[in-house]
Amino acid sequence: MASIAEYYAGKNVLITGATGFMGKVLVEKLLRSCPEVKALYLLVRPKAGQSMQQRVSDMMTCKLFDRVREDNPDFHQKIIPISSELMQPGLAISPEDVEKLTGCIDVVFHCAATIRFDEPLKHALQLNVIATQQLVSLAKQMHHLEAFIHISTAYANCNRKHIDEVIYPPPVEPKKLIESLEWMDDGIVRDITPRLIGDRPNTYTYTKALAEFVVQQEQDKLNIAIIRPSIVGASWQEPFPGWIDNFNGPSGVFIAAGKGILRTMRANNDAVADLIPVDMVINLTLAAGWYTAVHRPKSAVVYNCTTGGINPFHWGEIGRYIHHVMSSFKRNPLEQAFRRPNANITSNYLINQYWILVSHKFPALIYDLFLRLSGQKPQMMRIFNRLHKAISLLEYFSSQDWEWNSENMNMLMSQLTPEDRKTFNFDVRQLNWPEYIENYCIGTKKYVLNEDMSDIPAARQHLRKLRNIRYTFNTLLVVFIWRVFIARSQMARNIWYFVVSLCFKFLSYFRASSTITN
């Protein structure tokens with residue numbers, strides 16, 4: 001049987017969502033580990049005044065492609081952008097491009113989707129379901145198509161506690177829902193959305209479940225695999241540790257903590273934080289493409305791409321690692337931090353609300369007051385409100401636990417040759433969480449915030465300045481409390497002196513014990 005790289009040699013591959021986080025890593029890995037691939041056709045839309053060619057050119061100058069650039073400076077010649085728009089009928093692909101794609105494409109990777117949790121239902125339905133329908137329709141016209149790989153999410157069925165590698169019945173018939181919503185205005189759709197999505201937390205998980213069903217309906221006409229990654233994070237090893245390009249999920253949490261903005265977060269300590277490195281997801285995706293094309297399963301094969309059932313990592317451990325994370329950010333601080341990094345995870349709602357008030361809102365009000373007095377526009381309360389909204393959207397996933405079956409992922413691994421297991425490694429048992437989290441934090445500094453590691457001495461100096469400000473503020477606060485509350489009351493003074501004397505006696509005893517021990 002051909003190896004994975006040998007299979008992709010000479011193949012034409014179509015990729016949607018190629019300019020997104022996972023899409024970029026997929027493009028890079030194909031070019032680097034399958035260098036004989038013939039061409040990568042990328043469906044791209046113009047955006048923010050940039051043409052599709054400009055967007056692809058900008059993507060290829062990204063640091064992510066440095067290793068590919070070293071091996072093959074002309075790698076861009078294998079990239080063929082195709083103008084497309086997921087919101088338009090027929091994906092807005094021109095007749096000429098349709099003819100070209102249907103005549104040459106061998107494998108399709110469908111990565112495009114909206115991953116916003118609060119996306120309006122109509123918009124999420126168009127991007128995640130209708131666009132998938134139209135891509136499947138195009139795929140059925142492809143004369144040489146050998147595999148259709150759809151990227152879903154492990155949380156598509158989050159209304160279940162145990163999730164097998166099967167496609168569950170959809171909450172509603174997609175075609176009927178689409179027809180029903182066509183005549184409704186946005187206000188009506190917004191009002192009925194909570195009842196439609198039922199026990200799912202958002203429109204993202206709801207529409208991804210519908211999209212799985214849409215793909216499954218064509219399993220007798222196409223060779224299909226569905227990849228369900230959990231929370232996709234920074235790269236583990238490839239093309240280098242810690243690569244990340246967005247603020248989504250853990251990235252935003254780590255950055256907010258490193259900037260000293262996030263001080264508290266609510267999560268269930270016993271729940272599994274099912275984080276999966278992006279390079280492992282892409283390695284599994286490419287291996288699934290190979291297996292689907294070579295073995296041609298009779299029905300769609302689902303791969304739950306998760307870590308919780310094999311190498312679990314709990315939110316409580318993140319709480320312990322937060323101190324490790326904070327130490328990392330103190331050694332390699334982010335530039336212009338708001339406060340010194342110091343965050344805590346708690347499962348108690350009231351404690352979390354208390355720290356939000358004391359450590360988030362109160363400092364934000366003081367800082368905004370300072371900005372107003374200095375003639376600047378207040379901004380910290382707005383930043384904190386956005387942070388709280390983002391974290392509240394994550395609370396559903398950080399406060400619950402799921403069990404994912406991963407038999408198909410294990411089966412696929414057993415099908416790989418020893419060489420392919422190294423080149424396309426998705427064995428989550430090898431993941432060392434402390435090392436991975438540290439690389440993740442450094443990656444947010446280098447690749448998301450684009451901060452230069454040579455500026456670390458200045459950033460450390462800024463942290464020392466913040467420490468001195470904190471000590472000064474605490475000292476003034478103690479003096480104020482003394483003058484206002486303690487100095488005016490004999491009883492308060494007596495209590496104060498009693499507490500101080502107890503502390504002094506404890507320190508004296510501790511010193512004496514240490515001396516005797518030595």
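**View 1. N405 in its loop.** In this predicted model, N405 sits in the loop that joins β13 (403–404) to α15 (407–415). Is N405 buried or exposed? Its relative accessibility is 18%, so N405 counts as buried, the cut-off being under 20%. Leaving out residues up to four places away in sequence, N405 touches I163, D164, E165 and N304. N304 falls within β11 (301–305), an edge strand of the sheet in View 4.

**View 2. Strand β1, enclosed.** Strand β1 covers residues 12–16. Five of its five residues are buried, so β1 is largely enclosed by the rest of the structure. In a regular strand, side chains alternate between the two faces of the sheet. Which residues of β1 lie on each side? N12, L14 and T16 are on one side, and V13 and I15 are on the other. Both faces of β1 are covered.

**View 3. The partners of β1.** β1 pairs with β2 (residues 39–44) in the parallel sense, over five bridges. In this pair, I15 stands opposite L42 of β2. The chain runs from β1 through helix α2 (residues 21–33) to β2. This β-α-β crossover is right-handed. β1 also pairs with β4 (residues 107–110), again parallel. Here the count is four bridges. I15 stands opposite F109 in β4. V13 stands opposite V107 in β4.

**View 4. The open sheet.** How many strands form the sheet, and in what order? Seven strands form it, in the order β3-β2-β1-β4-β5-β7-β11. The sheet is open and its pairing is parallel. The edge strands are β3 (79–83) and β11 (301–305). Each of these two pairs on one side only. Neighbouring strands are turned by 20° against each other on average, direction ignored.

**View 5. Helices packed on the sheet.** Helix α3 (residues 52–60) packs on the sheet and touches β2 and β3. The direction of α3 makes about 145° with that of β3. Helix α11 (residues 278–295) also packs on the sheet. Which strands does α11 touch? They are β4, β5 (147–151), β7 (224–229) and β11. The direction of α11 makes about 150° with that of β5.

**View 6. Nonpolar cores.** In soluble globular proteins, nonpolar side chains tend to be buried together. The largest nonpolar core here has 94 residues. Y8, V27 and F109 have the most contacts inside this core. Helix α11 gives the most to the core, with eleven residues. Which residues does V27 contact, leaving aside its neighbours within four places in sequence? They are I15, A18, L40, L42, M59, F65 and I79. I15 and L42 also face each other across the β1 and β2 pair. Apart from the largest core lies another, of 29 residues. Among its members are I82, L101, A112 and L135.

**View 7. Two spans from UniProt.** An unreviewed UniProt entry lists residues 15–284 as "domain: Thioester reductase (TE)". The end C-alpha atoms of residues 15–284 lie 16 Å apart. This span is 40% helix and 14% strand. For "domain: Fatty acyl-CoA reductase C-terminal", the unreviewed UniProt entry lists residues 360–451. In the model, the end C-alpha atoms of residues 360–451 lie 25 Å apart. That span is 70% helix and 2% strand.

Definitions and conventions
Residues numbered from 1 in each chain as written. Predicted model: local features only at pLDDT ≥ 70, side-chain atom pairs only at ≥ 80, totals over all residues. Heavy atoms only, no water. Buried < 20%, exposed > 50% of the residue type's maximum accessible area, 1.4 Å probe, protein only. Pairing = 2+ DSSP bridges. Right-handed = clockwise from strand over helix to strand, strands pointing away. Axes fitted to C-alpha atoms, helices over the stretch in contact; angles between N-to-C directions. Contact = heavy atoms within 4.5 Å. UniProt positions renumbered as here; feature names shortened; annotations may be inferred. Core = buried A, V, L, I, M, F, W, Y, C linked by side-chain atoms within 4.5 Å.
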